[in-house]
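Grab a pencil and work through a few packing exercises on the model below. Each task comes with a solution, so try it yourself before reading on.

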Amino acid sequence: MELPEAKQRFIEAWGKLGSEWGINRTMAQVHALLLISPEALTTEQVMEQLQISRGNANMTLRDLMNWGLIEKQHRSGERKEYFFAEKDVWTIARQVAKERKRRELEPVLKLLTQLQEVQGDAQDPEYATFKTTVTDINKLAGNVDKTLETMLKAEENWFFGSMFKLFK
């Protein structure tokens, strides 16, 4: 397999993986392109290489910046904006975990905490089932939150060493 085909296959696979994780496929493909590009790319280069519209490229690049996965660079004497992706996979994994925690887990934890305050008759099976279920899910979500916090603060070697010990 030649490099151009390998790059295309990587971009497609990263896009598919991203969409399975709930991230827009185009966003994942743009991220993949920037990941494997040794130099920062312009919006026009992203559009050309992925065959996407300017609006789609601009929106996707803005979303990737909001996620903290890419940064915008300016070059003196040029009006064009350049975009560059972080290449360290551990940093990327931590940033994605941080954003997903903020966007998905924290709102759920807040809601579950509010739902635990529901009032009712402890003898009522419907109330008891609801209360138990919400409490159990809140405990699980809290444990996931603590695990993510540990991961976000951890160094790569410590984290993977700890994970391997769990699975032994």
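## Exercise 1: H1 against H2

In this predicted model, the axes of helix H1 (residues 3-20) and helix H2 (residues 25-35) come within 7 Å and cross at roughly 140°. Work out how to classify the angle, then describe the contact of H1 with H2.

**Solution.**

Step 1. Roughly antiparallel needs an angle over 145 degrees, and roughly perpendicular stops at 115. The crossing is roughly 140°, so H1 counts as oblique to H2.

Step 2. For the handedness, H1 passes H2 in a right-handed crossing.

Step 3. On the H1 side, the touching residues are Phe10, Ile11, Glu12, Trp14, Gly15, Lys16, Gly18 and Ser19. H2 answers with Arg25, Ala28, Gln29, His31, Ala32, Leu33 and Leu35.

Step 4. Sort the residues of this H1 with H2 contact by class and you get seven nonpolar, five polar and three charged.

## Exercise 2: H4 and its two partners

Find the angle at which H2 and helix H4 (residues 54-66) pack, then do the same for helix H3 (residues 43-50) and H4.

**Solution.**

Step 1. H2 and H4 pack at about 75°, with their axes 9 Å apart. The range from 65 to 115 degrees counts as roughly perpendicular, and H2 and H4 are therefore roughly perpendicular to each other.

Step 2. Thr26, Met27, Val30, His31 and Leu34 of H2 touch Asn56, Thr60, Leu61, Asp63 and Leu64 of H4. By class, the H2 with H4 contact holds five nonpolar residues, four polar and one charged.

Step 3. Now the other partner: H3 and H4 pack at about 115°, with axes 9 Å apart, and their crossing is right-handed.

Step 4. Here Thr43, Glu44 and Met47 in H3 meet Arg54, Ala57, Asn58 and Leu61 in H4. The tally for H3 with H4 is three nonpolar, two polar and two charged residues.

## Exercise 3: the two domains

How much area do domain 1 and domain 2 bury between them, and which residues of domain 1 lose the most area to domain 2?

**Solution.**

Step 1. Set the bounds: the chain is divided into domain 1 (3-85) and domain 2 (89-167). Their C-alpha centres lie 31 Å apart.

Step 2. Count the contact: seven residues come from domain 1 and six residues from domain 2.

Step 3. Together, the domains bury about 670 Å² between them, with 68% of it on carbon and sulfur atoms.

Step 4. In domain 1, Trp21, Trp67 and Leu69 lose the most area to domain 2, together 69% of what that side buries.

Notes
Residues numbered from 1 in each chain as written. Predicted model: local features only at pLDDT ≥ 70, side-chain atom pairs only at ≥ 80, totals over all residues. Heavy atoms only, no water. Axes fitted to C-alpha atoms, helices over the stretch in contact; angles between N-to-C directions. Helix = DSSP H or I, 4+ residues; strand = E, 2+ residues; numbered from the N terminus. Parallel < 35°, antiparallel > 145°, perpendicular 65-115°, else oblique. Left-handed = near helix turned anticlockwise from the far one by under 90°. Contact = heavy atoms within 4.5 Å. Nonpolar A, V, L, I, M, F, W, Y, C, P; charged D, E, K, R; others polar. Domains from an automatic or database assignment. Buried area = accessible area lost by both parts, 1.4 Å probe.
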